[in-house]
Amino acid sequence: IVLLHDITDTHRMRLTAERNERLAAMGEMVAGLAHQLRTPLAAALLYTGNLRQPELDPLQRLKVADRALERLRYLERLIRDMLLFARGDSAGRQQFAVCELVTELGHTLEPLARARQIAFVARCDCGAAEVVGDRKALGGALTNLLENGIQVREAGGRLDFDASALDAAASGIGAAAVRFSVRDSGCGIAAELQERLFEPFFTTRAEGTGLGLAIARGVARAHGGDITLRSVAGEGAEFMLTVPLAAQGAN
């Protein structure tokens, strides 16, 4: 006896509900978002206006231009994160190797870590394990976690990026999965902040958009997984993003 259950409508309804939750969260944060947009925009306008001053020497003009570009890039990043958060996981899906993604992200983030004098190690113990999903969205979510880890560490710190395959009993999501772990050597995250870190637009950094972790959680859940945080004062923090592995024989 073979029983088949079509869960297409259920899956579609879940995705719609998650998108509505994200849009509702954005609506609640419109005032805060307007402030986040207005401040860097005002700075960019001020710097750009200064470029018209004829008394500026070439070196001063270059510094002012660089500051204006910095503010405009921040605005671009904020708008990009807003769109990613509102859209959630995109429809495009493909099957890809876990270790290839880890290697690619390791090569991308290593120069940034080295520039900040942070020891960065990327490892994958998944062998030939593969995931079916949006490779770009998942890579972006992991990049957010890695960039956060690098930016909050001081020189001389350490950041570890690992991927390991888990069976259904150990994964916590009821299926064989891969767990991506981003672990730092910092001072940890206060208990009262740990839950709020995943709230849209909540950030503890002056240059943060407050959407990176919210996007990462949305991507993980859209792939049938989740993201958790483990942190003890004085012992650093570890973010763990878990998504199901592709079924063997899947195309």
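## A walk from threonine 242

Let's start with a single residue: threonine 242 counts as buried, because its relative accessibility is 4% and the cut-off for buried is under 20%. Keep in mind that what you're looking at is a predicted model. You'll find threonine 242 in strand β7, which covers residues 237-244. Its side chain makes a polar contact with the side chain of arginine 179, at 3.1 Å. Setting aside residues within four places in sequence, threonine 242 is also in contact with others, among them Ser171, Ile173, Gly225 and Asp226.

Now zoom out for a moment. The protein has 251 residues, and 40% of them count as buried. Its fold includes eight helices and seven strands. If you take the contacts with a separation of 6 or more, 72% of them are between residues 24 or more positions apart. As for the outside, the accessible surface comes to about 14400 Å², and carbon and sulfur atoms make up 56% of that.

Back to β7, but one step along to leucine 241. Which residues does leucine 241 touch, leaving aside its neighbours within four places in sequence? The list includes Leu138, Ala141, Leu142 and Leu145, as well as Val178, Phe180, Ala216 and Ile227. Leucine 241 is part of the largest nonpolar core, which has 40 residues. Within that core, Leu241 is one of the residues that touch the most other members, along with Val98, Leu138, Leu145, Phe161 and Phe180. Several elements feed into this core: α4, α5, β4, β5 (177-184), α8 (212-222), β6 (226-231) and β7 each supply at least two residues.

Next, the charged residues. Side chains of opposite charge can pair when their charged atoms come close. In this protein the count comes to ten salt bridges. One of them joins arginine 135 and glutamate 104, with their closest N and O atoms 2.9 Å apart. These two are 31 residues apart and link distant parts of the chain: arginine 135 belongs to helix α5 (residues 135-151), and glutamate 104 to helix α4 (residues 98-115). Is arginine 135 buried or exposed? Arginine 135 is buried, because its relative accessible area is 19% and the limit is under 20%. Glutamate 104 has a relative accessible area of 39%, so this residue is partly exposed.

A second salt bridge brings together the side chains of arginine 123 and aspartate 160, at 3.3 Å from N to O. Here, too, distant parts of the chain are linked, with arginine 123 in strand β2 (residues 119-124) and aspartate 160 in strand β4 (residues 158-166), 37 residues apart. Aspartate 160 counts as buried, because its relative accessibility is 7%. Arginine 123, at 32%, is partly exposed.

For a third example, look at arginine 230 and glutamate 238, whose side chains meet in a salt bridge at 2.6 Å, N to O. Glutamate 238 is buried, with a relative accessible area of 10%, while arginine 230 is partly exposed at 48%. What do the salt bridges that share partners join into one network? They join Arg123, Arg158, Asp160, Asp162, Arg183, Arg230 and Glu238. Our second and third pairs are both in that list.

And that brings us back to where we began: threonine 242, in strand β7, with its side chain in polar contact with arginine 179.

Conventions:
Residues numbered from 1 in each chain as written. Predicted model: local features only at pLDDT ≥ 70, side-chain atom pairs only at ≥ 80, totals over all residues. Heavy atoms only, no water. Helix = DSSP H or I, 4+ residues; strand = E, 2+ residues; numbered from the N terminus. Buried < 20%, exposed > 50% of the residue type's maximum accessible area, 1.4 Å probe, protein only. Polar contact = N/O pair within 3.5 Å; in protein donor to acceptor, adjacent residues only side chain to side chain. Contact = heavy atoms within 4.5 Å. Areas by Shrake-Rupley, 256 points an atom, 1.4 Å probe, with all protein chains shown as cover. Salt bridge = Lys/Arg side-chain N within 4 Å of Asp/Glu carboxyl O. Core = buried A, V, L, I, M, F, W, Y, C linked by side-chain atoms within 4.5 Å.
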